[in-house]
Amino acid sequence: MGLRRLVMGLSVLLVLGVTACIKDGRDVVAADLVGTWKAKVLELNVPAEIVWHVRPDGTTGYTFTTAAGTATSSGTWTFANGVVYEEG
């Protein structure tokens with residue numbers, strides 16, 4: 001499996017995980033998502049680290065690291081009705 005394909009699958013998993021969050025007993029709002037998020041995951045038995053930069057200007061950046069190497073990706077994001085929407 002190519003690193004690019006793994007990157008796409010992992011980004012979907014990370015976004016799905018964030019949409020289910022509750023902070024301090026209340027639903028998450030867009031401002032709660034701004035910052036740098038890190039996750040160590042196992043996808044198809046391949047260990048990977050994802051670093052997701054969510055910026056207040058509506059842009060995102062990802063760094064995906066596996067034994068096969070490192071890949072980066074960027075895009076834009078919005079948050080509505082408890083769901084993160086990304087393009088890029």
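Val54 has Thr60 as its bridge partner in β5. That little link belongs to a longer partnership: strand β4 (residues 46-54) and strand β5 (residues 59-66) run antiparallel and pair over seven bridges. Keep in mind that this is a predicted model. Let's start with the two strands and then work outwards.

**Thr60 and its surroundings**

- Thr60 sits in strand β5.
- Is Thr60 buried or exposed? Its relative accessibility is just 1%, so Thr60 counts as buried, the cut-off being under 20%.
- Which side chain does the side chain of Thr60 touch in a polar contact? The partner is the side chain of Glu86, at 3.1 Å.
- If you skip the neighbours within four places in sequence, Thr60 is in contact with a whole list of residues, among them Trp52, His53, Val54 and Arg55.
- Also on that contact list of Thr60 are Ser73, Ser74, Gly75, Thr76, Trp77 and Glu86.

**The loop between β4 and β5**

- Pro56 is found in the loop that connects β4 and β5.
- Pro56 has a relative accessible area of 72%, which means it counts as exposed, because the cut-off for that is over 50%.
- How far apart are Pro56 and Thr78 in space? Their C-alpha atoms are 9.9 Å apart, while in sequence the two are separated by 22 residues.

**The aromatic cluster**

- A pair of aromatic rings is described by two things: the distance of the centres and the angle of the planes.
- The count of aromatic pairs here comes to two.
- One of them joins Trp52 and Tyr62: the ring centres are 5.8 Å apart and the planes meet at 10°, so this pair is stacked.
- Where do these two residues sit? Trp52 is in strand β4 and Tyr62 in strand β5, ten residues apart, and the pair links distant parts of the chain.
- Tyr62 also pairs with Phe64, again in a stacked way, with 5.1 Å from centre to centre and 15° between the planes.
- Put together, Trp52, Tyr62 and Phe64 make up one aromatic cluster.
- How well hidden are the members? Trp52 has a relative accessibility of 1% and counts as buried; Tyr62 is buried too, with a relative accessible area of 5%; and Phe64 is buried with 1%.

**The sheet that β4 and β5 belong to**

- Strands of a sheet pair through backbone hydrogen bonds, and they can do so in a parallel or an antiparallel way.
- In what order do the five strands of the open sheet come? The order is β3-β4-β5-β6-β7, and the pairing is antiparallel.
- At the edges you'll find β3 (35-43) and β7 (83-87), each of which pairs on one side only.
- On average, neighbouring strands of this sheet are turned by 30° against each other, ignoring direction.

**The whole chain**

- How many helices and strands does the chain have? Its secondary structure comes to two helices and seven strands.
- Reading from the N terminus, you meet them as α-β-β-α-β-β-β-β-β.
- The chain has 88 residues, and 31% of them count as buried.
- Look at the contacts with a separation of 6 or more: 33% of them are between residues 24 or more positions apart.
- The chain exposes about 5500 Å², and carbon and sulfur atoms supply 57% of that area.

Technical notes:
Residues are numbered from 1 along each chain as its sequence is written. This is a predicted model: local features need pLDDT of at least 70, side-chain atom pairs count only at pLDDT 80 or more; totals for chains, interfaces and linings use all residues. Side-chain values use heavy atoms; hydrogens and water are left out. Helices (H or I, at least four residues) and strands (E, at least two) are DSSP runs, numbered from the N terminus. Buried means under 20% relative accessible area, exposed over 50%, partly exposed in between (1.4 Å probe, protein chains only). Contact means heavy atoms within 4.5 Å. Accessible areas come from the Shrake-Rupley method with a 1.4 Å probe; for residues, only the protein chains shown count as cover. Two strands pair if DSSP finds at least two bridges between them. Axes are lines fitted to C-alpha atoms, for helices over the stretch in contact, and angles run from 0 to 180 degrees between N-to-C directions. Rings of Phe, Tyr and Trp (its six-membered ring) pair if their centres lie within 6.5 Å; planes under 30 degrees apart count as stacked, over 60 as edge-to-face and the rest as tilted. A polar contact is a pair of N or O atoms within 3.5 Å; within protein, one must be able to donate a hydrogen and the other to accept it, and residues adjacent in sequence count only if both atoms are side-chain atoms.
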